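Colleague: I am new to this one. Can you walk me through it, one question at a time?

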Amino acid sequence: MRRFSLLALPLLVATAPSAMAGHTLSLLAMADMPLGGSAAGDSRYAGAVARTVRAVIEYTRWPSPIDPVVLCIAGPAQHAAQLASLRLSDGRRVERRNVAASGAGIGGCHVLYLGQMPVGQQRALTGAVRGRGVLTIAEADPGNTSEAMFTLTYKPDSLSFRLNIDAVSRSGLKVDPRVLRVAQGGL
Amino acid sequence: MAEPRLPTLRDLLARAHLRLILFAVLLATASLVLSGGLVIRTYAQRNLELVARTTAYTVEPAVVFEDREAIREGVISVAAGRGVERVEVRDAKGRLLSEWTNPHSGALASLSRAANRFFWPEPVISQIRRGSEQLAEVRIHGNSEGLLRYGLAGLIIALSCLGLTVLATRILARRLQSDVIAPLEHVAEVAHAVRQDRAFEKRVPSSGIAEIDQLGRDFNALLAELQGWHAGLTSENAELVRRASHDQLTGLGNRALFDAHLAEALAISHSSGVTFALLYLDIDRFKVINDEHGHEAGDAALIAVAELLRGAIRGVDRAYRLGGDEFAILLGSFAQADQVDGVVERIRAAMAQPYRLPDGFAVTSVLSVGVAFSGEAGETAEALLRRADAAMYADKQGHKGLTD
C-alpha cells in the first residue's frame with residue numbers, strides 16, 4: 001500500500017480495514033486519489049469519487065461506442081452526490097440513473113455503481129451483469145467479496161480504488177492496462 | 001661559425017609526407033566526427049522526442065488519477081537513462097507534478113553540463129491530453145554525454161592515427177631513399193670520380209626512374225663530350241710541347257731541348273762518372289747552296305742532312321738542330337772511344353749519298369764534325385760545347401785544305 005498526500009486534509013476518520021487476506025480469487029490493485037474540496041452537505045469523498053469514476057469510465061472501452069454513458073446507482077449511495085453532472089473529456093455525457101438494489105431496471109446500464117448494501121446483494125448484481133459489458137464499481141466492499149471490477153477504498157486524506165482483474169477479464173470490457181500500472185502498488 | 005646543415009632529400013620527403021598525411025588524417029577525422037556528431041545529434045533529438053511521447057503516454061492515467069507516486073515511477077521506468085538530463089511533468093497550471101534529474105558521476109559531469117546547454121538549449125515538450133482537455137506536459141532536457149563520448153573517441157582515434165602516421169612516414173621515407181636517393185647518389189659518385197680522378201670513361205647506370213634516367217642520360221652525354229674535349233686538349237698540349245722543343249723544319253730537337261738534355265746528361269755524368277760524347281756538326285759550304293740555289297734549296301738541304309743524320313745514329317743517340325746549319329748529337333752509352341769514331345764514320349758515309357734540291361740539282365754535303373767527351377770534373381755545358389766547337393773547327397780547316 002502506498003500513501004500519497006495532495007491537498008491533505010487533517011481528518012480523523014479511520015479508514016476501513018482493507019482486507020486483502022483470505023481472498024484468493026481476485027487480483028487486486030489500488031490507486032490513490034487525493035480528496036478535493038466538497039460542496040456543503042456532500043460526503044467529503046464525493047468529489048474524489050466523482051473524479052475517480054470519471055477517470056475509470058474514460059479508461060474503459062466498451063465493445064461498441066456509447067453516448068451517452070448510462071451510470072446507474074444501485075441502492076443507497078453515500079458518496080455519489082457529484083456523479084450527476086459528469087462530462088467526459090471527449091465530450092460524451094454521463095447520464096445518471098437510480099436503480100433499485102434488487103436489480104430491477106439495470107438493463108440499459110453501462111456503469112453500475114453499487115451503493116451501501118449487503119455483500120450478498122452486491123454479488124447478485126455483479127453476477128447479473130457479468131459478461132454483458134457493464135462496468136461495476138463498488139462503493140462499500142471492505143472485504144473485497146462483491147466481485148465488482150473496481151472497489152473504492154477510503155483513507156483519511158485520499159480515496160483509493162482496487163482493481164479486481166478477475167472481474168475485469170470476465171466483464172466483456174477492456175480497461176486500459178495503464179490503469180493497472182497506476183494501481184500497481186496494490187498488487 | 002658552423003655552416004648550417006642543409007636538409008637532405010630524405011628529410012624533405014619525410015616532412016612532405018608527414019604534412020600530407022597529417023592533413024589527410026585531420027581532414028578525415030574532422031569531417032567524420034562532425035558528420036557523425038550531426039547524425040548522432042539528430043538521432044538523440046528523435047530519441048528525446050520519443051522518450052517525451054512515451055513518458056506522456058505512460059504517465060497519462062497517473063496524471064488523471066492524480067497519483068504522484070505513479071507519475072514518478074512512470075517517469076523513472078521510461079525516461080531515466082542515458083541521453084536524458086532532466087524530466088519534468090507539470091500540470092496545466094504549470095505546477096510541478098514530478099521531476100527526475102540524471103545523477104551525474106565521473107569526470108565528464110561538469111563538462112557534460114556545459115555541453116548540455118550548448119546541444120540542448122531548449123527542452124523537448126510533449127503534451128498530455130485527454131480529448132480536448134490539456135492535462136499536463138512532459139519536458140525533457142537532453143544529455144550530451146553520448147555526444148561527448150563520441151567526440152572523445154574521435155579524438156583518441158585521431159591521435160592514434162597520427163601516431164601511426166608518423167611511423168608510416170618514416171618507413172615511406174626510408175623506402176623512397178632506397179628508390180630515389182640511391183640512383184641520385186650514383187650520379188653524384190660518378191661526378192665526384194670524374195672531378196677527382198679525371199675518370200671520363202665512367203658512366204651513370206640506369207636507375208629505373210624516368211626522371212633520374214633522363215638526368216643520367218644527359219649526364220652521360222655530357223661526360224662523353226667532356227671526354228672528347230679532354231682527349232683533344234691532351235693531344236694539342238702534347239703537340240704544343242713538341243713544337244716548343246723541336247725544330248719545325250727538320251723535326252729534330254731544338255736548341256732549348258739540346259740545352260736541357262745536355263745539362264741532364266752532365267748532371268748524370270758528374271754523379272755517376274759515366275762518360276758521354278758530344279758531337280758538334282755543321283754543313284760545309286752551306287752558304288754557297290743558299291746563295292746559288294736560294295733559301296728553299298737551303299731548307300731542303302737542311303731537311304735532307306737531318307734525315308741522313310737520323311738514319312746514321314743509333315737508337316740511344318739523340319740529334320738536335322742548334323740553328324742555321326749547326327747540328328749536335330749526344331751519344332748515349334758507349335763502351336770505348338772507337339765506338340764514337342764508328343758513329344762519326346757512319347755519319348760521313350751517310351753524307352756521301354746525294355740528295356735532290358728543289359731545282360733538280362743532285363748534291364752531296366760534307367759535314368765538319370767535332371767530338372768532345374765529358375768527364376772533366378766540374379766542367380760546364382758551355383766549356384764542353386766550346387771544346388766540341390773547337391774540334392769541329394779543326395775538322396773544317398782540314399776539309400778546306402782538301403777542297404779549296
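Colleague: Which side chain does B:Arg321 join in a polar contact, and at what distance?

Modeller: Bear in mind that this is a predicted model. B:Arg321 sits in strand β6 of chain B, residues 318-323. Its side chain makes a polar contact with that of B:Asp247, at 3.2 Å.

Colleague: Is B:Arg321 buried or exposed?

Modeller: Buried means under 20% relative accessible area. B:Arg321 has 14% relative accessibility, so the residue counts as buried. B:Asp247 falls in that class too, as both residues of the pair are buried. For B:Arg321, then, the word is buried.

Colleague: How many residues apart in sequence are the parts that B:Arg321 and B:Asp247 tie together?

Modeller: The two side chains meet in a salt bridge, 3.2 Å from N to O. B:Arg321 lies in strand β6, whereas B:Asp247 lies in the loop between α5 (210-245) and α6 (255-272) of chain B, so the pair links parts separated in sequence by 74 residues.

Colleague: Which residues is B:Arg321 in contact with, leaving aside neighbours within four places in sequence?

Modeller: B:Asp247 is one of them. The others include B:Leu249, B:Thr250, B:Leu252, B:Gly253, B:Asn254 and B:Arg255. The list also holds B:Leu302, B:Glu326 and B:Phe327.

Colleague: How many salt bridges does a search of the whole structure find?

Modeller: Take two examples. A:Asp90 and A:Arg92 meet at 3.1 Å, N to O, and B:Arg387 and B:Glu379 meet at 2.8 Å. Over all chains, the search gives 30.

Colleague: Which class does B:Glu379 fall in, buried or exposed?

Modeller: Its partner B:Arg387 has 29% relative accessibility and counts as partly exposed. B:Glu379 has a relative accessible area of 10%, and the cut-off for buried is under 20%. So B:Glu379 is buried.

Colleague: What is the relative accessible area of A:Asp90?

Modeller: Its salt-bridge partner is A:Arg92. A:Arg92 counts as buried, at 18% relative accessibility. A:Asp90 is partly exposed, with a value of 47%.

Colleague: Which residues are linked in a network of salt bridges?

Modeller: The network draws on chains A and B. From chain A come A:Arg54, A:Glu58, A:Asp176 and A:Arg178. From chain B come B:Glu60, B:Arg130 and B:Glu133.

Colleague: What area is buried between chain B and chain A?

Modeller: Start with the contacts: 19 residues of chain B touch 22 residues of chain A. Carbon and sulfur atoms give 56% of the buried area. The total is about 1,900 Å².

Colleague: Which three residues supply 37% of the area that chain B buries against chain A?

Modeller: No other three residues of chain B supply more of that area. One of the three, B:Glu66, also forms a salt bridge with A:Arg51, 3.6 Å from N to O. The trio is B:Phe65, B:Glu66 and B:Arg130.

Colleague: Which elements give two or more residues to the side of chain B that touches chain A?

Modeller: Between these chains the count is four salt bridges. There are also six residue pairs in polar contact. The elements are α1 (9-64) and α2 (68-78) of chain B.

Colleague: Where does α4(B) bend?

Modeller: Helix α4 of chain B runs over residues 145-197, 53 residues in total. It reaches 74 Å from first C-alpha to last, close to the 78 Å expected. After the helix comes B:Arg198, with a positive phi near 55°. The bend is about 35°, at B:Gln177.

Key: Residues are numbered from 1 along each chain as its sequence is written. Chains are lettered from A and ligands numbered from 1 in the order in which they are written. This is a predicted model: local features need pLDDT of at least 70, side-chain atom pairs count only at pLDDT 80 or more; totals for chains, interfaces and linings use all residues. Side-chain values use heavy atoms; hydrogens and water are left out. Helices (H or I, at least four residues) and strands (E, at least two) are DSSP runs, numbered from the N terminus. Buried means under 20% relative accessible area, exposed over 50%, partly exposed in between (1.4 Å probe, protein chains only). A polar contact is a pair of N or O atoms within 3.5 Å; within protein, one must be able to donate a hydrogen and the other to accept it, and residues adjacent in sequence count only if both atoms are side-chain atoms. Contact means heavy atoms within 4.5 Å. The expected span of a helix is 1.5 Å times one less than its number of residues. The bend at a residue is the angle between axes fitted to the seven residues ending there and the seven starting there. Buried area is the accessible area (1.4 Å probe) that two parts lose on being put together, summed over both.
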